[in-house]
Amino acid sequence: ALALMNEIPVTSRKYQFAMGMAEKIMEENAQSCNVELLDVNRVALASSFARTTTRLHDSLKRSRTADEPVGGLPLRLVSALPLGGYVASYVRGVSTCINTVRSLADMTGNLLSQSRRRESALVRAGGFQENEVELAVEKLAEELLWMTEKLRRYGAVEEGIKRWSYASGLASLSLTAAPRVQGLLVKISALLIGEMARDGTQVPGQVKFRLLANWLPLFSHARLGLAFPVLTGYERVEVERAIDKAISTLPALDQEILLANWLQDFSVSATEWPNLTPAYDRWCNSTRQFVM
């Protein structure tokens, strides 16, 4: 049933049937309180989460370029050059400012001209196919968020955290994804980081580091303006606290890498979130102890 959800178009009436069937089976398994049936839920969801993540990555790769080019070079290659991190961060910042203006234009622009642009896009060669790919990408992102919530409900969120930490390719592509897709990926990342920071969650340090390193840039650069609200003010504060707590459990060198990258992203981003200044100050104070 979970596999069928990936295959059936969201516009089909059978899509809700497949989703309802999956929910019914998993809920009945959970109500049985049988350990083996609970394991069925966990294994099925973990497998489906991994499969959907891969399909979303492939769909995004087909629909848009992974990195903004700089003289023909991808930003990640530029970042590897001397002072390249600052150059790449600057370019991302300029791109983010442009994207923010576009987001506001989407909300306040002329609806008629938008409609004409969409019609023009659809009639050009391959237009229908491109539109279908964009719809498929958003559908897969919605399914990933649904699965993430189910992983938490049925006690398998640690598996989701581990698999999300390996999704570096998807994290890179998310920086240039459509705003609504970015919003869904922000929600997934926020949910998993919140669970990762809970006292009862057993997650290795390297998994925490990978997840934060891969997904923190999206928080800074996602187009989450007035036209696409994603998290409430309270939720943003809670996510900042979860990030702070997760970083505090890592070795000093890992903290340095994460916070240095965050500082570059935050200084050029169009938003004030996430503000990890308390974590950065704490790391600075802790490193001073080595020379005192």
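Leaving aside its neighbours within four places in sequence, which residues is leucine 145 in contact with? In this predicted model, the partners are Leu184, Lys187 and Ile188. The notes below start from that leucine, then move to helix 13 and its aromatic rings, and end with backbone features, cysteines and charges over rings.

**Leucine 145 and its surroundings**

- Leucine 145 belongs to helix 7, which covers residues 127-153.
- With a relative accessible area of 11%, leucine 145 is buried, because the cut-off for buried is under 20%.
- Leucine 191 is 46 residues away from leucine 145 in sequence, yet the two C-alpha atoms are 9.1 Å apart in space.

**Helix 13: length and buried residues**

- Helix 13 takes in residues 252-268, 17 residues in total.
- At 1.5 Å a residue, helix 13 should span 24 Å, and its end C-alpha atoms are 25 Å apart, so the two values agree.
- The buried residues of helix 13 include Asp254, Gln255, Asp265 and Gln264, and Leu258 and Leu259 are buried as well.
- Two aromatic residues, Trp262 and Phe266, are also on the buried list for helix 13.

**Aromatic pairs around tryptophan 262**

- How many aromatic pairs does the count come to? The total is six aromatic pairs.
- Tryptophan 262 and phenylalanine 266 make a stacked pair, because their ring centres are 5.1 Å apart and their planes meet at 25°, under the 30 degrees that stacking calls for.
- These two residues are four apart in helix 13, so about one helical turn separates tryptophan 262 from phenylalanine 266.
- Is tryptophan 262 buried or exposed? Tryptophan 262 counts as buried, at 5% relative accessibility, and phenylalanine 266 is buried too, with a relative accessible area of 16%.
- Tryptophan 262 also pairs with tyrosine 280: the ring centres are 6.3 Å apart and the planes are at 45°, so this pair is tilted.
- The tilted pair links distant parts of the chain, with tryptophan 262 in helix 13 and tyrosine 280 in helix 14, 18 residues apart.
- Tyrosine 280 counts as partly exposed, at 24% relative accessibility.
- Trp262, Phe266, Tyr280 and Trp283 form one aromatic cluster.

**Backbone features to look at**

- Most residues other than glycine have a negative phi, and most peptide bonds are trans.
- The peptide bond from tryptophan 273 to proline 274 is cis, with omega near -5°.
- Proline 274 sits in the loop that runs between helix 13 and helix 14 (277-288).
- Cysteine 33 has a positive phi, near 60°, although it is a residue other than glycine.
- Where is cysteine 33? Its place is the loop between helix 2 (13-31) and helix 3 (35-63).

**Cysteines**

- Cysteine 33 counts as exposed because its relative accessibility is 63%, and the cut-off is over 50%.
- Cysteine 284, by contrast, counts as buried, at 17% relative accessibility.
- The disulfide count comes to zero.

**Charges over rings**

- Arginine 210 lies over the face of tyrosine 166, at 3.9 Å from the ring centre.
- The charged end of arginine 236 sits over the ring of tryptophan 273, 5.1 Å from its centre.
- Tryptophan 273 thus appears twice in this briefing: its ring has the charged end of arginine 236 over it, and the peptide bond from tryptophan 273 to proline 274 is cis.

Technical notes
Residues numbered from 1 in each chain as written. Predicted model: local features only at pLDDT ≥ 70, side-chain atom pairs only at ≥ 80, totals over all residues. Heavy atoms only, no water. Buried < 20%, exposed > 50% of the residue type's maximum accessible area, 1.4 Å probe, protein only. Contact = heavy atoms within 4.5 Å. Expected span 1.5 Å × (residues − 1). Disulfide = S-S within 2.5 Å. Phe/Tyr/Trp six-rings, centres within 6.5 Å; stacked < 30°, edge-to-face > 60°. Lys NZ or Arg CZ within 6 Å of the ring centre and 35° of its normal.
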